[in-house]
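Colleague: I am new to reading protein structures, and I would like to learn how the descriptive words are chosen. Could we go through some of them together?

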Amino acid sequence: MRRPGRVTLGRAMSWLRAHDPELAATRRAVRTAIVMPALFALCGQVIGSPAMATFAAFGSFSMLLLVDFTGPMVQRLQAHAGLAVAWAVLISLGTLVAHRIWLAVAVMVVVGFLVLFAGAISSVLAGASTALLLAFILPVTSPAPLSQLPDRLAGAGLAAAAAMLAVSLLWPRPAADPLSAPAARVCRAAAEQLRADASWLAGGPGMAGVGQCRITAHRAAAAAADLRGVFDTTPYRPTGLSTSSRAIVRLVDELTWLSDVLADSVPPLDGRPACDPDAHAVRRAAARVLDEAAGLLDVPMNPRDALRAASNDLGAAMAGMERHATGRLSGHQAGAATPSRVHPVIGRLDLSFRAQELGFATLQIANNVDLAASAERRSWHDRLLGREPGTLTEPLMSARERAATHLRPQSVWLHNSLRGALGLGIAVSLTQLTSLQHSFWVLLGTLSVLRSNALNTGQNAMRAVLGTLAGSIIGAGLLQLIGHHSTVLWILLPLAVLIAGIAPAAISFAAGQAAFTVTVVILFNIGQNPDWHIVLLRIQDIAVGCAVSVLMALFLWPRGATAAVDRALAEAYTDSARYLAGTVAYAVGRCGSGPAPTAGPPVEEGRAAAAAARRLDDAFRSYLAERGAKPTPLADMTTLVTGIVGLRLAGDAVLGLWQRAGDEDAGTDRAEARLVILGTAGHVTGWYRDLAAALGRAAPVPEPLPRNPTAERRLVDSLRRDLTDERGQSTATAVRIIWTADHLDVARRLQPNLAAAAAPHPAS
């Protein structure tokens, strides 16, 4: 029979795991609850230095509760050592400028902007931004003689040393990303579907039946839906800010896209397409790649050789399919092209095109998984400078490129950095001019409730004030009950720190603010005559900080994350459509001689599209993190974000298709085929530019483009000589032209879902 105590403890742990997945917040809170009171007691009671005690307490609070570095343990400790050095520099700077109001405000704005904006460059700096700001806020709002600087630095140094010991010895953080396991399940389910489809298409003894194919397709779709659910419905950011985590975030979109492609390729209930052994081989090779990718997602530190070998085999299978596809059009092009004969001509390549599309999407997924695994092996120096693994650029060049990406008016990161810096600067000026007691908490109030828009900031401000009020009442009651028994306060301090660390993630922001207030009340009354008046000062200070944050949100970002993600979507669709148009222009330049100018690979357009996608990722993260009702349903927003992936993959596929092309028949005149392809590309990419205008609220949502059989007939007719050469064979260039048209048609088929998602939604 189970004991009641065990039942209660088991229920408590189940509740905690449900509200704090992976126990990430609990792990940090336990460490802080052990280290922070111990250092506060050591510095205040044993060494007898209040300044050292204050900086040791808040240093350990910052380094253990506000940061959670990822990667191997050695790199985590290196990151903590770098954080300690940064704390020393910022404490010294804050102490030096605190006595001059104008200088303190100016330096606060500069430091605030640099720290917040640096997160766009480096995942290490992004994860440590709040801790870095705290290192400057604490001294700049607590003016003291320079003679106290050694004690302040000593307290921060003790906190850093204790934090490094705690991170390595007290409940070390596992390296797994929360999204890795569901992403691995999607890869395995997709691999199972690919093998079943290949078996059914190939026929023969032991082949999979249509029913089995549909079962595997259902499993793959369900796994993709589960992954998307974990990503979208978690009330806080479901992954870290590291390069590996960001790669997995992109992997979610790519796996969603692969799931859509697989859904379109489910075998029909009646009939079987003509046998295409090369297409079947590509599907089997893609299945092997996905299996290897799943294994690397499960254990990122495993060797990557198997995944890379499988990717090379898939690339070879796709190249072989492209070479052999020329024979599949032979003997079917006699006579003029008519509506009834267009479909057999283009449809004969449909199976190989589907395999090529699946193979290309699989290679993109493999590259992202490889990137995530490579990022886990980077040195701390490369992590700090934000250098992508496998790039040939110098780290500082990579940092400059990333900074340039976000130095644009539409950048969410730039908005957040400016708003946060100005808000903190205003808060410093208020504390200096009004001489508020405990002005440090004004800055914490500003920092803690700054969010993505005015409405949400106002909601958080109200929760912060209500939480502070509740915590103050609890703290005042404790002081009245405890009286002069400071030993009880020492006993309660670790418990208060533990709850303050867990409550924001497991309960609510207001609960965390209440627990934090109780912690501060206890901290300031240990070793002194209990004073309940401090709770009134705490409410006053935090209210001023909240007011500053609301003011800055109203001034700098009145429409919030929804408007920002709309602008980011519009920009991403514009740049991605330009990139697709550039790849088609490059393709027609490789078709042969003719009047069309030869265009080079659209390198700059590709970079611009990638940069716009990164800004969209930041805006979408803010959109997901923003509390409250959203005017656009999450499913529709996800559809629009995933559409960017499909559009860019279409461009990547066209570019890769023609970069692998030879020049053996470059002298053939294919002017008519060029005109057809360029015209189709102009219509398709023009629609996406119109969609971007609609997302920017400058135009109505365009109607999806219908299929154009006339253009298909013209394309087939213009390629008549290529489709049957002197040997009765089709040329490789003809196949590539038709596949280019197929990729454009994929982009066209996305339009109905995107138009429905972008349509205005009635107010609820």
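Colleague: Why is Phe40 called buried?

Modeller: Happy to explain, and please keep in mind that this is a predicted model. Phe40 has a relative accessible area of 12%. Buried means under 20%, so Phe40 counts as buried.

Colleague: And what makes Trp490 partly exposed?

Modeller: The relative accessible area of Trp490 is 22%. Partly exposed covers the range between under 20% and over 50%, so Trp490 is partly exposed.

Colleague: How many aromatic pairs does a search of the whole structure find?

Modeller: The search finds four aromatic pairs. One of them is formed by Phe40 and Trp490, and this pair is tilted.

Colleague: Why is the pair of Phe40 and Trp490 called tilted?

Modeller: A pair of aromatic rings is described by the distance of the centres and the angle of the planes. For Phe40 and Trp490 the values are 5.9 Å centre to centre and 45° between the planes. The centres lie within 6.5 Å, so the rings pair, and because the angle is neither under 30 degrees nor over 60, the pair is tilted.

Colleague: Which parts does the pair of Phe40 and Trp490 tie together?

Modeller: Phe40 lies in helix 2 and Trp490 in helix 21, so the pair ties together parts that are 450 residues apart in sequence.

Colleague: What makes the pair of Tyr573 and Tyr688 stacked?

Modeller: Here the planes are 15° apart, with 5.9 Å centre to centre. Planes under 30 degrees apart count as stacked, so this pair is stacked. Tyr573 sits in helix 24 and Tyr688 in helix 27, 115 residues apart. Both tyrosines are buried, and together with Trp687 they form one aromatic cluster.

Colleague: Where else do Tyr573 and Tyr688 appear?

Modeller: They belong to the largest nonpolar core, which has 116 residues, and are among those with the most contacts inside it. Helix 24 gives the largest share of this core, 14 residues. A second, separate core of 70 residues includes Val35, Phe61, Leu489 and Val520.

Colleague: Now the surface: what makes Leu170 fit into a nonpolar surface patch?

Modeller: Leu170 has 31% relative accessibility and counts as partly exposed. Patch residues need over 30%, so Leu170 passes that cut-off. The patch, of about 500 Å², is made by Leu170 with Ile34, Leu165, Leu169 and Trp171. Leu170 itself is found in the loop between helix 8 and helix 9.

Terms used: Residues are numbered from 1 along each chain as its sequence is written. This is a predicted model: local features need pLDDT of at least 70, side-chain atom pairs count only at pLDDT 80 or more; totals for chains, interfaces and linings use all residues. Side-chain values use heavy atoms; hydrogens and water are left out. Patches are made of residues with over 30% relative accessible area and no salt bridge: like charges are joined within 9 Å, nonpolar side chains (Val, Leu, Ile, Met, Phe, Trp, Tyr) within 5 Å. Accessible areas come from the Shrake-Rupley method with a 1.4 Å probe; for residues, only the protein chains shown count as cover. A salt bridge is a side-chain nitrogen of Lys or Arg within 4 Å of a carboxyl oxygen of Asp or Glu. Helices (H or I, at least four residues) and strands (E, at least two) are DSSP runs, numbered from the N terminus. Buried means under 20% relative accessible area, exposed over 50%, partly exposed in between (1.4 Å probe, protein chains only). Rings of Phe, Tyr and Trp (its six-membered ring) pair if their centres lie within 6.5 Å; planes under 30 degrees apart count as stacked, over 60 as edge-to-face and the rest as tilted. A nonpolar core is a set of buried Ala, Val, Leu, Ile, Met, Phe, Trp, Tyr and Cys residues joined through side-chain atoms within 4.5 Å.
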